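Trainee: Please take me closely through one pocket and whatever can be tied in around it. I work with coordinates all day, so keep it brisk.

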Amino acid sequence: MTNSSARPRLGVPRHLEGLREAMVALVRYADRAGLRAPVPTTPDWSVRRLVAHQGMVHRWAVATIQGLPADPDALEQEGIDAADPLDWLGDGAIDLVTALVRAPDDLVAPVFLHDAPAPREFWARRQCHETTIHAVDALAAQLGRLPRAADAGWIAEEVALDGIDELLTGFVTRPRSRLRSPEPHRIVVLPEDGGVAWTLDVGPTPAVTTRVDPAARPDGDSLLRGSAVALYLTLWNRSDEVTPCSDDDWDDTWRDAGIIWG
C-alpha cells in the first residue's frame, strides 16, 4: 500500500533519456570488464550472463508492449550464444525505444507493480531503472567491487529519486514481497537532496510506503540517509555505502528480503 500523492516521476521522455544513458554506461563497463568477468553485485553471474539477461528483458518488454508472446528463457539463451553479445544487446534496446516512442499514450498492456502508472509510462520507467541498475552491475564487474555513488556519475539525482520511489512504492509493497517483520518497524528513507522522503512501515503484512515532506522530520526505527544516488544503489543492494542509523540489524532484514534483481 502507498499513501500520499506526491510522486517524483519523470515522464516518458526523461525515462527514455535515462535508458539511453544507462545503455551507454552498461556497454562501456561491460566491454572494459570483459564477458568472462564475474559480477560482484549479482551472485554467480558473468558479464556475458548479465548482458544476456538485460537483452532478454528488453525483448520481453517489447513483446509485452506489443501484445506478443515471448519466451524469456529462449531469449536469454540467444543472448548467451550471440557472437557479439553487446551488439545483440544494442539491437534489443533500439527495438525497445522504438516500441515506446510509437506506443500511444493510452496503451493497453499489462503492468505488474503496486501503485503503477499508466502502461506506457510504466514500461518506460521500469526499463529505465532496470537498465540503470544492470549498468551498475557492469560497473561493479569492471571495478571488481561494490560501487559507490561517486563511481556512477552518469546517474542523475532525479533519476535516482524516481528509482527509489519505484522500489519503495511499487516493489516492496506488493503482497508477494518478502519484506516482513514480526513486530512493527518503520524505516525512514531521507535523501540529502531532492525535497522528498519516504516512510516504510513494515510488519507481518505487506509494507505501507508513505511519501512525506522531509521538512517534517519523520521519525522511525531505522533511518537511511545519504545522497539520492547512494540511497538508490544501496536500496537496490548494489552498494553498501549507506547504513541504517539505528542499533538494530535492519540492513540484514532488508537484504534477506531478496531485493536484488533489477
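**The second largest pocket and its surroundings**

Mentor: The second largest pocket holds about 280 Å³ of space. Keep in mind that the model is predicted. The pocket's lining counts 18 residues. Nearest the centre are Leu190, Arg217, Pro218, Leu223 and Arg225. Two strands, β2 (185–191) and β5 (222–226), are the elements that each give two or more residues to this lining. Sorted by class, the lining has eight nonpolar, six charged and four polar residues.

Which loop holds Arg217? The one between β4 (208–212) and β5. Its relative accessible area is 69%, and the cut-off for exposed is over 50%, so Arg217 counts as exposed. Its backbone deserves a look too. Most residues other than glycine have a negative phi. Arg217 has a positive phi, near 50°.

Asn237 also has a positive phi, near 60°, and is likewise not a glycine. Its place is the loop between α7 (228–235) and α8 (250–256). Is Asn237 buried or exposed? Its relative accessible area is 6%, so Asn237 is buried. Arg217, by contrast, is exposed.

The loop ahead of β4 gives another buried residue. Ala207 sits between β3 (197–202) and β4. Its relative accessible area is 0%, which means that Ala207 is buried. Ala207 and Arg186 are 21 residues apart along the chain, yet 9.5 Å separates their C-alpha atoms. Arg186 falls within the range of β2.

Now go to the helices. How do α5 (residues 119–143) and α6 (residues 157–171) pack? Their angle is about 110°, and their axes are 10 Å apart. The range for roughly perpendicular is 65 to 115 degrees, so α5 and α6 fit that description. From α5, the contact takes in Arg125, Arg126, Cys128 and His129. From α6 come Val159, Asp162, Gly163, Asp165, Glu166 and Phe171. By class, the contact has five charged, three nonpolar and two polar residues.

Those two helices also border a cavity. How many cavities of 30 Å³ or more does a search of the whole structure find? It finds one. The volume of the largest cavity is about 40 Å³. Its lining is made of Arg9, Leu113, His114, Asp115, Ala116, Pro117, Phe122, Arg125, Glu166, Thr169 and Gly170. The elements with two or more residues in that lining are α5 and α6. Helix α6 has the largest share, with three residues. Four of the lining residues are nonpolar, four are charged and three are polar. Arg125 and Glu166 belong both to the helix contact and to the cavity lining.

Phe112 is a useful next stop. It is in the loop between α4 (85–102) and α5. Its relative accessible area is 32%, so Phe112 counts as partly exposed. Leaving out neighbours within four places in sequence, Phe112 contacts Trp60, Phe122, Trp123, Arg126 and Arg174. Among these, Phe122 also lines the largest cavity, and Arg126 takes part in the contact of α5 with α6. Phe112 and Pro40 are 72 residues apart along the chain, with 28 Å between their C-alpha atoms.

Next comes the loop between α5 and α6, where Arg148 lies. Its relative accessibility is 40%, so Arg148 is partly exposed. What does Arg148 contact, leaving aside neighbours within four places in sequence? Leu233, Ser239 and Glu241. Leu233 lies within the range of α7 (228–235). From Arg148 to Trp88 is 60 residues in sequence and 29 Å in space, C-alpha to C-alpha.

Finish with helix α2 (residues 47–66), which includes His53. At 13% relative accessibility, below the 20% limit, His53 counts as buried. Not counting residues up to four places away in sequence, His53 touches Trp45, Glu76, Glu130 and His134. Glu130 and His134 fall within the range of α5.

Back to the pocket for a last check. Start from Arg217, one of the residues nearest the pocket's centre. Then follow β5 and β2 around the lining.

How values were computed: Residues are numbered from 1 along each chain as its sequence is written. This is a predicted model: local features need pLDDT of at least 70, side-chain atom pairs count only at pLDDT 80 or more; totals for chains, interfaces and linings use all residues. Side-chain values use heavy atoms; hydrogens and water are left out. Axes are lines fitted to C-alpha atoms, for helices over the stretch in contact, and angles run from 0 to 180 degrees between N-to-C directions. Helices (H or I, at least four residues) and strands (E, at least two) are DSSP runs, numbered from the N terminus. Angles under 35 degrees count as roughly parallel, over 145 as roughly antiparallel, 65 to 115 as roughly perpendicular and the rest as oblique. Contact means heavy atoms within 4.5 Å. Ala, Val, Leu, Ile, Met, Phe, Trp, Tyr, Cys and Pro count as nonpolar, Asp, Glu, Lys and Arg as charged, and the others, Gly among them, as polar. Buried means under 20% relative accessible area, exposed over 50%, partly exposed in between (1.4 Å probe, protein chains only). On a 1 Å grid over the protein atoms alone, a cavity is a set of points where a 1.4 Å probe fits but cannot get out, and a pocket is an open set with protein on both sides within 12 Å along at least five of seven lines; lining residues have an atom within 4 Å of a point. Grid points are joined across faces, edges and corners, and a volume is the space filled by probe spheres set on the points.
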